[in-house]
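This report describes selected features of one protein model, with attention to its main pocket and to its charged side-chain pairs. The sequence and structure are shown first.

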Amino acid sequence: MTSTMNPAHSNMIWQQVRPNEVSNPEVLDALQKVERSQFVSDDYKELAYSDTRLPIGCGQFMWTPLEEGRVLQFLQLKPTDTVLEIGTGSGFFTALIAQLSLNVISIEYFAELSTLASSRLKATGIENVTLYCGDASHGWKLADRIDVIVLTASCLHIPEDYLHALKVGGHLVAVTGQAPAMQVQRVTRTGEWLWQTETLFETVVAPLVHAETKLEFTF
């Protein structure tokens, strides 16, 4: 955590993120509190606050700061929320979620990334995160329904297990579709058998490992 920002950190928030409709003060505060440079390798620390996707190992990349800010705002997190994150990655977005919620359960397929994220989160003093390593491409077993779910990699269709894992009133944010036309969608569970879907913005991100990535045709 930090209460002062270097110029690159400040520019990221006030010149990249804030001018692009990320105006929620709690989201901006979370971005100020967490040093993005602590969640990248030494080779990329000078680029930590740039508007680019940085490699984090295992063929994976961080979202850009703008993507992180926009999705964080669309999650509409409350201090009482328990959040399921699919794709821990570097741990930076996990840290942002943790700032705005009660608890975070984060799943990462690659053990190397999960271990690195764990050490980085501990170094920043974040304690309300539980990390798991495994394949969550089609679902993840939970003890109970959950308030919010976010998938940080794309899928052709949102797995039904995640839709049913939401509490009524809860919501899920995911990137769906195929390149070059992917959409960030928010699905809200409005009833026991009712879900409402909103398309938020377009982007392209790598697919979840083992997720369905192409349409199947039947004849």
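What volume does the largest pocket have? In this predicted model, the largest pocket has a volume of about 520 Å³. Its lining is made up of 33 residues, and those closest to the pocket centre are Q60, F61, G87, T152 and A153. Several secondary-structure elements contribute: strands β2 (60-61), β3 (82-86) and β4 (103-108), helix α4 (92-100) and strand β6 each supply at least two lining residues. Sorted by class, the lining of the largest pocket comprises 18 nonpolar, 10 polar and five charged residues.

**Salt bridges**

The model contains eight salt bridges. Three of them are listed below with the N to O distance.

| Pair | N to O distance |
|---|---|
| R145 and E192 | 2.5 Å |
| R186 and E198 | 3.0 Å |
| R189 and E192 | 3.6 Å |

In the R145 and E192 pair, the closest N and O atoms are 2.5 Å apart. R145 is located in the loop between β5 (129-133) and β6 (146-155), while E192 is located in the loop between β8 (181-191) and β9 (194-203), so the salt bridge ties together parts that are 47 residues apart in sequence. R145 is partly exposed, at a relative accessible area of 32%. E192 is also partly exposed, at 37%.

E192 takes part in a second salt bridge, with R189, at 3.6 Å from N to O. R189 is buried, since its relative accessible area is 1% and the cut-off for burial is under 20%. Through shared partners, the salt bridges join R145, R189 and E192 into one network.

The side chains of R186 and E198 form another salt bridge, with an N to O distance of 3.0 Å. This pair connects distant parts of the chain, as R186 belongs to strand β8 and E198 to strand β9, 12 residues apart. Are the two partners buried or exposed to some degree? R186 is buried, with a relative accessible area of 8%, whereas E198 is partly exposed at 30%.

In summary, the network of R145, R189 and E192 includes the partly exposed R145 and E192 together with the buried R189. The R186 and E198 pair likewise sets a buried arginine against a partly exposed glutamate.

How values were computed
Residues are numbered from 1 along each chain as its sequence is written. This is a predicted model: local features need pLDDT of at least 70, side-chain atom pairs count only at pLDDT 80 or more; totals for chains, interfaces and linings use all residues. Side-chain values use heavy atoms; hydrogens and water are left out. A salt bridge is a side-chain nitrogen of Lys or Arg within 4 Å of a carboxyl oxygen of Asp or Glu. Helices (H or I, at least four residues) and strands (E, at least two) are DSSP runs, numbered from the N terminus. Buried means under 20% relative accessible area, exposed over 50%, partly exposed in between (1.4 Å probe, protein chains only). On a 1 Å grid over the protein atoms alone, a cavity is a set of points where a 1.4 Å probe fits but cannot get out, and a pocket is an open set with protein on both sides within 12 Å along at least five of seven lines; lining residues have an atom within 4 Å of a point. Grid points are joined across faces, edges and corners, and a volume is the space filled by probe spheres set on the points. Ala, Val, Leu, Ile, Met, Phe, Trp, Tyr, Cys and Pro count as nonpolar, Asp, Glu, Lys and Arg as charged, and the others, Gly among them, as polar.
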